[in-house]
Amino acid sequence: MRPLYVMGLLYLAVSVAALVRGPAPLYDDGGGYDLADFTSDGGAWFRKAKPYCNALEVETVHRRIPPPTTLQGTGFSAACWALAGRIAEARARIAPLRGDDQWKAAGIVFEIGHPVADMGDDRSAGPIMELVVEFWPNHYQALYHAGAARFGLGQYTLAERHLREFLQYYNAGEDGWTRSARAMLATIEAR
């Protein structure tokens, strides 16, 4: 009887510790880019808002906890809208920015959406990647994932455009990404 009591207390302690700690970092891709690195005001906002960056709660979180009116705040806000599948709203955050600020904000959106694509879910990440390409046209990783998403959806004209642009900008030589892009293009050409 005593071991079950101890196990119950241990389970309770672990559960309480998990609640107190808060949500886990978004991801760690081994490159050291995780939420713990988001020390800007926008990153701090995103750490609070991230659990609510879904279709049901994204508007509410933006009303209750407005993002900072900085470049990082704008980028993380756009990322939150994009995660919620609200690409038009994400675009509306980035579009008023001027000059380099547009691609920098799009870069924040990319960093938030990229782990989904790298885990093999290009279809889900595709709209986010196309948003990135809209403001950062030569972002080769976003071009690859946008092309792979369109390919997976059978939208070959758009897939071909993205994949050809990816190959134009990607200079890493012959690797898995280039082989994959070439294989998709060969399939499109064989149709």
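**Figure 1. Contact between helices α9 and α10 in the predicted model.** Y156, A159, E160, L163, R164, F166 and L167 of α9 meet W177, T178, A181, R182, M184, L185, I188 and E189 of α10. By residue class, the contact of α9 with α10 comprises 10 nonpolar residues, one polar and four charged. Helix α9 spans residues 156-169 and helix α10 residues 176-190. The two helices pack at an angle of about 145°, and their axes lie 10 Å apart. The crossing in which α9 passes α10 is left-handed.

**Figure 2. Helix α6 and the kink at I112.** Helix α6 is formed by residues 100-118, 19 residues in total. From the first C-alpha to the last, α6 reaches 26 Å, which is close to the 27 Å expected at 1.5 Å a residue. The helix is kinked by about 35° at I112, and the proline P115 follows shortly after. G120, which comes after α6, has a positive phi, near 100°.

**Figure 3. Buried residues of α6 and the helices that cover them.** The buried residues of α6 are A105, A106, G107, I108, V109, F110, E111, I112, G113, H114, P115 and A117. The kink position, I112, and the proline P115 are thus both among the buried residues of this helix. The cover over the buried residues of α6 includes α2 (41-49), α4 (71-83) and α5 (87-94). Helices α7 (122-135) and α8 (140-152) also contribute to this cover.

**Figure 4. Surroundings of G113 in helix α6.** G113 is a residue of α6 and counts as buried because its relative accessibility is 1%, below the 20% limit for burial. With neighbours within four places in sequence left aside, G113 is in contact with A125, I128 and M129. These three contact residues fall within the range given for α7 (122-135), one of the helices that cover the buried residues of α6. V132 is 19 residues away from G113 along the chain, and the C-alpha atoms of the two are separated by 9.6 Å.

**Figure 5. Surroundings of S77 in helix α4.** S77 belongs to α4, a helix that is included in the cover over the buried residues of α6. The relative accessible area of S77 is 2%, so this residue is buried, the criterion being a value under 20%. When residues up to four places away in sequence are not counted, S77 touches W45, H62, P67 and R93. Of these contacts, W45 lies within the range of α2 (41-49), and R93 within that of α5 (87-94).

Definitions and conventions. Residues numbered from 1 in each chain as written. Predicted model: local features only at pLDDT ≥ 70, side-chain atom pairs only at ≥ 80, totals over all residues. Heavy atoms only, no water. Helix = DSSP H or I, 4+ residues; strand = E, 2+ residues; numbered from the N terminus. Expected span 1.5 Å × (residues − 1). Bend = angle between axes of the 7 residues up to and from the residue. Buried < 20%, exposed > 50% of the residue type's maximum accessible area, 1.4 Å probe, protein only. Contact = heavy atoms within 4.5 Å. Axes fitted to C-alpha atoms, helices over the stretch in contact; angles between N-to-C directions. Left-handed = near helix turned anticlockwise from the far one by under 90°. Nonpolar A, V, L, I, M, F, W, Y, C, P; charged D, E, K, R; others polar.
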